[in-house]
Amino acid sequence: MASNKIFTLSVLFLAVFIYSKADLRHHKETNMTVYFQDYSSGPNPTVIEIPGPSNGPLNFSKFGAMFCTDDPITEEIGENSAPIARGRGLYVTSALDGSSTHVLISIVFTNDEYKSSTLEIQGSSAQFERVREVAVVGGTGKFRLARGYATFETVYYDSERQHAIIQCNITVLRY
């Protein structure tokens with residue numbers, strides 16, 4: 001009698017396990033282009049050096065330099081277009097010659113479609129390349145279990161205001 005119960009429970013467990021695995025095979029691909037509005041000076045900078053620059057402008061190519069960011073992200077390239085998210089995180093100049101940074105950024109969505117969902121971006125970024133690619137390693141909300149990649153390209157820079165617009169193309173698989 002006990003062996004029948006064990007067999008029945010085993011079959012039930014196996015059926016639930018197979019069904020749950022099959023459900024994870026159906027993923028959606030999401031592609032989007034967003035724009036980070038990056039300000040490294042002025043009255044309301046969105047990028048600061050940690051613990052703070054010793055003097056003068058930020059030095060993004062100094063080995064070991066760390067930066068904290070909270071950039072507004074817009075759906076359109078214009079500086080005054082409506083924000084849809086915030087780009088919050090850290091990056092560290094991690095190559096001795098200053099050519100690469102390690103990026104840890106959460107895109108925290110504020111728009112209606114993805115409100116409170118996040119995409120987690122991490123990886124090594126060759127900061128002097130025209131286009132830089134990093135991994136999307138996860139997400140929350142509508143992007144739970146996300147994986148994919150993001151590319152960054154500086155499409156505008158105003159040296160007087162130290163305002164950069166960085167185009168970010170994102171491709172993710174999500175469930």
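**Asking why: burial, contacts and a pocket**

Trainee: Leaving aside its neighbours within four places in sequence, which residues is Tyr157 in contact with?

Mentor: Tyr157 is in contact with Gln162, His163 and Ala164 once those neighbours are set aside. Please keep in mind that we are looking at a predicted model.

Trainee: What makes two residues a contact?

Mentor: Contact means heavy atoms within 4.5 Å. Gln162, His163 and Ala164 are therefore listed for Tyr157 because they meet that cut-off.

Trainee: Where is Tyr157 found, and why is Tyr157 called partly exposed?

Mentor: Tyr157 is found in strand β8. Its relative accessibility is 48%, and partly exposed runs between 20% and 50%, so Tyr157 counts as partly exposed.

Trainee: How far apart are Tyr157 and Asp38 in sequence and in space?

Mentor: Tyr157 and Asp38 are 119 residues apart in sequence, and their C-alpha atoms are 9.3 Å apart in space.

Trainee: Let's turn to Gln162. What is its phi, and where does Gln162 lie?

Mentor: Gln162 has a positive phi of about 50°, although it is not a glycine. Gln162 lies in the loop between β8 and β9.

Trainee: Is Gln162 buried or exposed, and why?

Mentor: Gln162 has 18% relative accessibility, and buried means under 20%, so Gln162 counts as buried.

Trainee: What about Ser116: where is its place, and why is Ser116 called buried or exposed?

Mentor: The place of Ser116 is in the loop between β5 and β6. At 58% relative accessibility Ser116 is over the 50% cut-off, so Ser116 counts as exposed. Ser116 also has a positive phi, near 70°, and is a residue other than glycine.

Trainee: Now a strand residue. Where does Val47 lie, and what makes Val47 buried or exposed?

Mentor: Val47 lies in strand β2, which covers residues 47–50. With 1% relative accessibility against a cut-off of 20%, Val47 counts as buried.

Trainee: Which residues is Val47 in contact with, beyond its neighbours within four places in sequence?

Mentor: Among them are Leu58, Phe60, Phe67, Cys68 and Tyr91. Val47 and Gly89, 42 residues apart in sequence, are 9.7 Å apart in space from C-alpha to C-alpha.

Trainee: Why are Cys68 and Cys168 called buried, exposed or partly exposed?

Mentor: Cys68 has 32% relative accessibility, which is between 20% and 50%, so Cys68 counts as partly exposed. Cys168 has 0%, which is under 20%, so Cys168 counts as buried.

Trainee: How many disulfides does a search of the whole structure find?

Mentor: The search finds zero disulfides. A pair of cysteine sulfur atoms would have to be within 2.5 Å to count, so no pair in the structure meets that cut-off.

Trainee: Let's look at the pocket. How much space lies in the largest pocket?

Mentor: About 630 Å³ of space lies in the largest pocket. There are 25 residues lining the largest pocket, and the closest to its centre are Tyr91, Gln127, Arg132, Thr154 and Ile166. Among the elements that give two or more residues to this lining are β1, β5 and β9.

Trainee: Which strand gives the most to the lining of the largest pocket?

Mentor: That is β8, with four residues. By type, the lining of the largest pocket divides into 12 nonpolar, seven polar and six charged residues.

Trainee: Where is the place of Ile166, and why is Ile166 called buried or exposed?

Mentor: The place of Ile166 is in strand β9. Its relative accessible area is 14%, which is under 20%, so Ile166 is buried. Residues up to four places away in sequence aside, Ile166 touches residues including Val34, Phe36, Arg132 and Thr154. The C-alpha atoms of Ile166 and Val155 are separated by 5.8 Å, with their positions 11 residues apart along the chain counted as their spacing.

Trainee: One last residue: what makes Thr101 buried or exposed?

Mentor: Thr101 has 5% relative accessibility, under the 20% cut-off, so Thr101 counts as buried. Thr101 is found in strand β5 and touches, among others, Val92, Gly123 and Gln127.

Trainee: And for the chain, how many helices and strands are there, and what share of the residues counts as buried?

Mentor: The chain has one helix and nine strands. Of its 175 residues, 39% count as buried.

Conventions
Residues are numbered from 1 along each chain as its sequence is written. This is a predicted model: local features need pLDDT of at least 70, side-chain atom pairs count only at pLDDT 80 or more; totals for chains, interfaces and linings use all residues. Side-chain values use heavy atoms; hydrogens and water are left out. On a 1 Å grid over the protein atoms alone, a cavity is a set of points where a 1.4 Å probe fits but cannot get out, and a pocket is an open set with protein on both sides within 12 Å along at least five of seven lines; lining residues have an atom within 4 Å of a point. Grid points are joined across faces, edges and corners, and a volume is the space filled by probe spheres set on the points. Ala, Val, Leu, Ile, Met, Phe, Trp, Tyr, Cys and Pro count as nonpolar, Asp, Glu, Lys and Arg as charged, and the others, Gly among them, as polar. Buried means under 20% relative accessible area, exposed over 50%, partly exposed in between (1.4 Å probe, protein chains only).
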